[in-house]
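Here is a short briefing to read alongside the model. Please keep the sequence and the 3D view open as you go.

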There are 2 protein chains.
Amino acid sequence: MIRLSRLADYGVVLMTHIAGDAERPCAAHAVAAATRIPEPTVSKVLKALSRHGLLESHRGVNGGYTLARAPSEISVTEIIAAVDGPIAMTECLDADGGACSLETFCPTRGSWLKINNAIRQALDEISLADMIAPTLLFPPPAAPGERRRLIS
Amino acid sequence: MIRLSRLADYGVVLMTHIAGDAERPCAAHAVAAATRIPEPTVSKVLKALSRHGLLESHRGVNGGYTLARAPSEISVTEIIAAVDGPIAMTECLDADGGACSLETFCPTRGSWLKINNAIRQALDEISLADMIAPTLLFPPPAAPGERRRLIS
DNA sequence: GCGAATGAGGACCGCTACAGTCCTGTATGT
DNA sequence: ACATACAGGACTGTAGCGGTCCTCATTCGC
Ligand code: FES
Ligand code: FES
């Protein structure tokens, strides 16, 4: 029902991997090998991440990427936004100039803001550190055949 | 950063419209005219909604659609799910059979569940009634030039 | 009973946006 | 100098989405 682009997902996975690899710069191809994500794509995502100040890049031999901040200081929201760009949910007010013809008359707009705030808040509260850490908070792994719907 | 499909958005708008029109059946073309959404599309969305038991349809002359339940008993989640179908955010476990090769090894999976729960909960708490009602809870209308990002 | 209105349920199709690839610089360390 | 690795594009194929249309089933008014 709600879709997060795959690239954004990659972003999070890559960030967690780099976060787990201490301070040593991780080269793109190394991360690609570790995560099994095609290398050019990894490179692309990593570049986006670094362009938005979430990663620091080091060129040259033995170069690579390191986290720009502590894991606890990086929220999932930032990662997603860096990769996907700021795309609004409803596209009513997407770029500039109301694309939506109903604009002020539509009774749902105010409510969408409320919803978006709720979601953003939920996402903001989750830091990269939370992503690495305790899987213990969650129910035991699903049975093999079980099919988990992330969002109903 | 997170996208809700346009059809799903339409679904919510249409539902609120019908909810506002009391118990009299609303024909598809009437709703289309009122909402300025192209008629065939309205028809499509409405059909999906009724197929999932959120609307009741009445055929024949003076037929149309009415809410199947009270507005307060219909959550936004249901509407979106009815139109978009249950699509998970990360597609790691999208349909059946893990499409994601990392499956159990990926440290982020547990956390995604947490995130999804948070989002689902936020959405579940909002009923159709909430969508119609008080826009008063929210800050005053934005200044003309202001550009609101729904989700950063 | 007949015909108009209205929904049901598909088939169909163009297009955008996403995912993925590649190429040509530029910087850095050995 | 050279190998390594990032930077920043351009480019492309494709799936899914948004939108349209057509044919049947049902119900009501006349
Ligand atoms: S649908 Fe665009 S403002 Fe409501
Ligand atoms: S990326 Fe698929 S389970 Fe983590």
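The points below cover the two DNA strands, the cysteines and the confidence of the model.

This is a predicted model. DNA strand C has 29 residues around it, and DNA strand D has 27. Both chain A and chain B supply residues that come nearest to DNA strand D, and the closest residues to DNA strand C include A:R6 and B:K47.

**Around DNA strand C**

- The closest residues here are A:R6, A:L7, A:R59, B:K47 and B:Y65. Of the strand C atoms within 4 Å of the protein, 69% belong to sugar and phosphate.
- A phosphate oxygen of strand C sits 2.6 Å from a backbone N or O atom of A:R6, and a polar side-chain atom of B:S50 lies 3.2 Å from a phosphate oxygen of this strand.
- A polar backbone atom of B:G60 is 3.3 Å from a sugar or linking oxygen of strand C. The elements giving two or more residues to this surface are α1 (6–20) and α3 of chain A, together with α2 (28–35), α3, β1 (55–58) and β2 (64–67) of chain B.
- Sorted by class, the surface near strand C holds 11 nonpolar, 11 polar and seven charged residues.

**Around DNA strand D**

- A:K47, A:Y65, B:R6, B:L7 and B:K44 come nearest to strand D. Sugar or phosphate makes up 69% of the strand D atoms within 4 Å of the protein, and bases make up the rest.
- Phosphate oxygens of strand D lie 2.6 Å from a polar side-chain atom of A:Y65 and 2.6 Å from a polar backbone atom of B:R6.
- In the side chain of A:R59, an N or O atom is 3.0 Å from a sugar or linking oxygen of strand D.
- The surface near strand D has 11 nonpolar, 10 polar and six charged residues.

**Cysteines**

- A search of the whole structure finds zero disulfides.
- A:C26 counts as buried because its relative accessibility is 5%, and B:C26 counts as buried because its value is 4%.

**How far to trust chain A**

- Chain A has a mean pLDDT of 77, with 73% of its residues at 70 or more.
- Among the elements of chain A, α3(A) has the highest mean pLDDT (94) and helix α5 (residues 109–124) the lowest (76).
- In chain A, pLDDT stays under 50 over residues 94–99, and it is also below 50 over residues 135–152.
- Where pLDDT is low, please do not read the predicted coordinates in detail.

Key:
Residues numbered from 1 in each chain as written. Chains lettered and ligands numbered in written order. Predicted model: local features only at pLDDT ≥ 70, side-chain atom pairs only at ≥ 80, totals over all residues. Heavy atoms only, no water. Near = heavy atom within 4 Å. Polar contact = N/O pair within 3.5 Å; in protein donor to acceptor, adjacent residues only side chain to side chain. Nonpolar A, V, L, I, M, F, W, Y, C, P; charged D, E, K, R; others polar. pLDDT = per-residue confidence, 0-100. Helix = DSSP H or I, 4+ residues; strand = E, 2+ residues; numbered from the N terminus. Contact = heavy atoms within 4.5 Å. Disulfide = S-S within 2.5 Å. Buried < 20%, exposed > 50% of the residue type's maximum accessible area, 1.4 Å probe, protein only.
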